[in-house]
Amino acid sequence: MKLLLVEDDKQNREFLYKAFNEQGYTVDTAEDGQQALLMATCEEHDIIILDRMLPKLDGLQVLAALRATGKRTPVLILSALDKVDERVAGLKAGGDDYLTKPFAFSELAIRVEKLINRPSPASEQNTTLEFENVCLDYRHHKAQVNGNTLTLQPKEFKLLHFLLDHKDKLVTRTLLFESVWEYNFDPGTNVIDVHIARLRKKLMQHHATVEIQTIRGVGYRLQKVQHNEQ
């Protein structure tokens with residue numbers, strides 16, 4: 001994932017650059033509003049972290065100019081301005097989220113992850129997800145493999161839905177806890193492992209041509225079945 005970090009404070013910028021790099025992000029940085037607008041419009045990023053108070057161009061000016069070009073890259077605003085009207089102004093300008101300073105990096109990281117992985121408007125309108133021979137109709141709460149019904153418990157259905165919506169992408173355990181179980185913390189149980197094992201078994205029993213790959217210590221990826229060559 002590619003992230004644009006816009007922060008004029010050198011110490012904060014270097015800290016966040018290092019922290020997101022360690023999480024596997026490719027990070028571009030900008031020190032002022034003019035540089036940020038140029039980079040945001042000329043390059044593609046999965047998300048932009050935008051400081052509110054910047055030299056040369058204010059963060060909201062950068063955001064308004066970016067949205068005027070038609071760019072819909074998710075933008076998370078960072079600001080020491082914590083009054084309600086300031087947060088409203090940031091969201092009205094086209095921000096997707098607003099986090100006040102000081103903040104915990106863990107909170108910033110999960111907000112970034114959620115913005116990157118949220119469904120696109122197109123996927124929200126489409127009620128059917130398909131991947132290989134697996135089809136899920138979430139309006140009618142049906143899951144099928146090769147046209148045969150897959151009997152799933154509610155959480156298994158929701159888990160499959162989420163994995164299909166993020167097929168071929170790494171889905172972290174933290175994101176699953178938040179999106180499937182609606183936990184904002186790790187409950188310290190093996191609930192994810194249990195549901196993944198059950199879902200994996202049901203897919204295999206119905207000869208699905210997709211599999212749930214475990215990325216040890218990180219999360220999972222739904223992908224096409226990989227056949228080992230002899």
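These questions and answers cover a helix pair and a small sheet in a predicted model.

Me: Are helices α2 and α3 roughly parallel or roughly antiparallel to each other?
Reply: The axes of α2 (residues 33-42) and α3 (residues 59-68) come within 9 Å. They cross at roughly 25°. Angles under 35 degrees count as roughly parallel. The two helices are therefore roughly parallel.

Me: How many residues of the contact of α2 with α3 are charged?
Reply: From α2 come Gly33, Ala36, Leu37, Ala40 and Thr41, and from α3 come Val62, Ala65 and Leu66. Of these residues, 6 are nonpolar and 2 polar. The number of charged residues is none.

Me: Which strands are the edge strands of the open sheet with the order β10-β12-β11?
Reply: The sheet has 3 strands, and the pairing is antiparallel. An edge strand here pairs on one side only. The edge strands are β10 (171-172) and β11.

Me: Which residue in the turn of the β11 and β12 hairpin has a positive phi?
Reply: Strands β11 (residues 210-215) and β12 (residues 219-224) pair in the antiparallel sense over 6 bridges. The hairpin leaves 3 residues between the strands. One in the turn has a positive phi of about 80°: Gly217.

Me: In β12, what is the bridge partner of Thr214?
Reply: β11 and β12 pair over 6 bridges. Ile212 stands opposite Leu222 in β12. For Thr214, the bridge partner is Tyr220.

Me: Which helix lies across β11 and β12?
Reply: The helix spans residues 191-205. Its direction is at about 150° to β11. The helix is α9.

How values were computed
Residues are numbered from 1 along each chain as its sequence is written. This is a predicted model: local features need pLDDT of at least 70, side-chain atom pairs count only at pLDDT 80 or more; totals for chains, interfaces and linings use all residues. Side-chain values use heavy atoms; hydrogens and water are left out. Axes are lines fitted to C-alpha atoms, for helices over the stretch in contact, and angles run from 0 to 180 degrees between N-to-C directions. Helices (H or I, at least four residues) and strands (E, at least two) are DSSP runs, numbered from the N terminus. Angles under 35 degrees count as roughly parallel, over 145 as roughly antiparallel, 65 to 115 as roughly perpendicular and the rest as oblique. Contact means heavy atoms within 4.5 Å. Ala, Val, Leu, Ile, Met, Phe, Trp, Tyr, Cys and Pro count as nonpolar, Asp, Glu, Lys and Arg as charged, and the others, Gly among them, as polar. Two strands pair if DSSP finds at least two bridges between them.
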